[in-house]
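Visitor: Could you walk me through this one and tell me how each label is earned?
Guide: Sure, let's have it up in front of us.

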Amino acid sequence: MSDRLDWLAEALDPLRRQGLIRRRRRVKPLTDGYCKIDGRRLWNFASNDYLNLAHDPRVIETARSAAQIAGVGATASPLVSGRTDWHARLEQRLAEFEGQEAAVLFPSGYAANLGTISALVGRGDVVFCDRLNHASLVDGCRLSGAKLRVYRHNRLEKLRCELEKWAGPRRRLIVTDSLFSMDALAAPLPQLCRLAERYDAVLLIDEAHATGIFGNHGRGLAELMAVEDQVSVRVGTLSKAIGSMGGFVTGSRDLIDWLWNRAQTQMFSTALPPAVCAAACKSIEIIMQEPDRRERLLSRAESFRLRLRDCEFSTPADGIGPIVPIILNEPGSAVMAADELEQQGFLVASIRPPTVPRGTSRLRITLSCAHHDEDVQRLADILVRVLPRTTTALT
Ligand SMILES: *Cc1c(COP(=O)(O)O)cnc(C)c1O
């Protein structure tokens, strides 16, 4: 029998040979920043739960009691019958938290970008996209059908030239991550705002890794850089520092009304489970009330970063926040280093193409509030001991 999927085996083969095949692992989550893999207890330095809210007893209790009343699934899309009090309260809280007129929820951050970009631009429009933007922003641009102009990472002169060149078409949209999570680098938001203003473009920023972490109130990099009133569209996720699941957009009442009517990824998908919304609501309350969580995390990350730089590891010089990458170039080196760390009791992500450009495979270490200073110290000690050995073994 001829199998029309024969090509899959052939396509998978080079991935295996180049060390690019993805491993599916089973992780048993434990509290206090640990997890268990293959029976071994590991410190989890590979999670996006920066503030340790996914395991906060107050958040769990809130989710539990919502599930008891509302059940597990939302049972319909938000516009049909899936939008409950928990959804409405979360929308309200997100709008208040970000100081915006309104908010709308999406099934995920990924879906938020797809739905929002394609609702704001289409054929006859132009969208400008940083080359290192998250895949969901790039896919949103492609889905929209607008002309896609990709500019070199954070190269504002390139972007300016493109904006100049494409001044004619109906609408212009600039999309960017606020924190580029593979390098832990911030986008130059004030300059982007000025360019958007000057060339009559809308600026959409994705604060996925910044919400809850940066700024006086934890609202993200737009707050830290004091440009909140100049950014028209703010996308975020509930799945990282907020520790829950789902995506959201905040902005003007008109923007949100439009997304309710035109963002297909929320219109044609089932609403988030009410318990998930209840949990996210509680987490945001904690983020508002306990600024010391993010402050401790940021200062710990800063010392860790300095220590690694002192040891001459290749980590981006302007990096900020709880993500600390160490560039090891070859995918094999990154995987071997992660394996070695695992032997030592630490779970750290190895990131390879296509997630990052070729030749820039890396370890990505993510600190969280669950870790103690001593653990972070120990990880640094082990990195110093282990990294030269694992990389030289390969060359
Ligand atoms: C993680 C991430 C997303 C996706 O968010 P999910 O809620 O996990 O789907 C979108 N954008 C950026 C920049 C991200 O880092």
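Guide: Start at the ligand: helix H5, residues 109-120, gives the largest share of the shell around it, three residues. Bear in mind that this is a predicted model.

Visitor: Which residues are the closest to the ligand, and how many surround it?
Guide: There are 14 around the ligand, and the closest are Gly 109, Asp 206, His 209, Thr 237 and Lys 240. By class, the shell splits into nine polar, three charged and two nonpolar residues.

Visitor: What makes the pair between Lys 240 and the ligand a polar contact?
Guide: A polar side-chain atom of Lys 240 sits 2.7 Å from a ligand oxygen. The cut-off is 3.5 Å between N or O atoms, so the pair qualifies. Ser 239 passes too, with a side-chain N or O atom 3.1 Å from an oxygen of the ligand. For His 134, a polar side-chain atom is 3.4 Å from a ligand nitrogen, which is also within 3.5 Å. As for cover, the ligand taken alone exposes 380 Å², and the protein buries 87% of that.

Visitor: How do you know that Cys 35 is in no disulfide?
Guide: The closest cysteine sulfur, in Cys 369, is 17 Å from the sulfur of Cys 35. A disulfide needs two sulfurs within 2.5 Å, so that is too far for a bond. Searching the whole structure turns up zero disulfides.

Visitor: And what keeps Cys 129 out of a disulfide?
Guide: Here the nearest cysteine sulfur, that of Cys 141, is 4.2 Å away. Set against the 2.5 Å cut-off, 4.2 Å fails, so Cys 129 is in no disulfide.

Visitor: Why are Cys 35 and Cys 129 called buried?
Guide: The limit for buried is under 20% relative accessible area. Cys 35 comes in at 1% and Cys 129 at 2%, so both get the label.

Visitor: What makes Asp 56 buried?
Guide: Its relative accessible area is 6%, and because that is under 20%, Asp 56 counts as buried. Asp 56 belongs to the loop between strand E3 (40-44) and helix H2 (57-70).

Visitor: How do you know that the side chains of Asp 56 and Arg 293 make a polar contact?
Guide: They are joined at 3.3 Å, which is within the 3.5 Å limit. A polar atom of the Asp 56 side chain also lies 2.9 Å from the backbone nitrogen of Arg 58. Leaving out residues up to four places away in sequence, Asp 56 touches Ile 286 and Arg 293.

Visitor: Why is Trp 43 called buried?
Guide: With a relative accessible area of 7%, Trp 43 falls under the 20% limit, so buried it is. Trp 43 lies in strand E3. Beyond four places away in sequence, the residues Trp 43 touches include Asp 32, Tyr 34, Phe 346, His 371 and Arg 378.

Visitor: What is the phi of Asp 32, and where does that residue sit?
Guide: Asp 32 has a positive phi of about 60° although it is not a glycine, and its place is in the loop between strands E1 (27-29) and E2 (34-37). Ala 184, no glycine either, also has a positive phi of about 60°.

Visitor: Why is Ala 184 called buried?
Guide: Its relative accessible area is 0%, so Ala 184 is under the 20% limit. Ala 184 lies in the loop between strand E8 (179-180) and strand E9 (185-186).

Key: Residues numbered from 1 in each chain as written. Predicted model: local features only at pLDDT ≥ 70, side-chain atom pairs only at ≥ 80, totals over all residues. Heavy atoms only, no water. Buried < 20%, exposed > 50% of the residue type's maximum accessible area, 1.4 Å probe, protein only. Near = heavy atom within 4 Å. Polar contact = N/O pair within 3.5 Å; in protein donor to acceptor, adjacent residues only side chain to side chain. Areas by Shrake-Rupley, 256 points an atom, 1.4 Å probe, with all protein chains shown as cover. Helix = DSSP H or I, 4+ residues; strand = E, 2+ residues; numbered from the N terminus. Nonpolar A, V, L, I, M, F, W, Y, C, P; charged D, E, K, R; others polar. Contact = heavy atoms within 4.5 Å.
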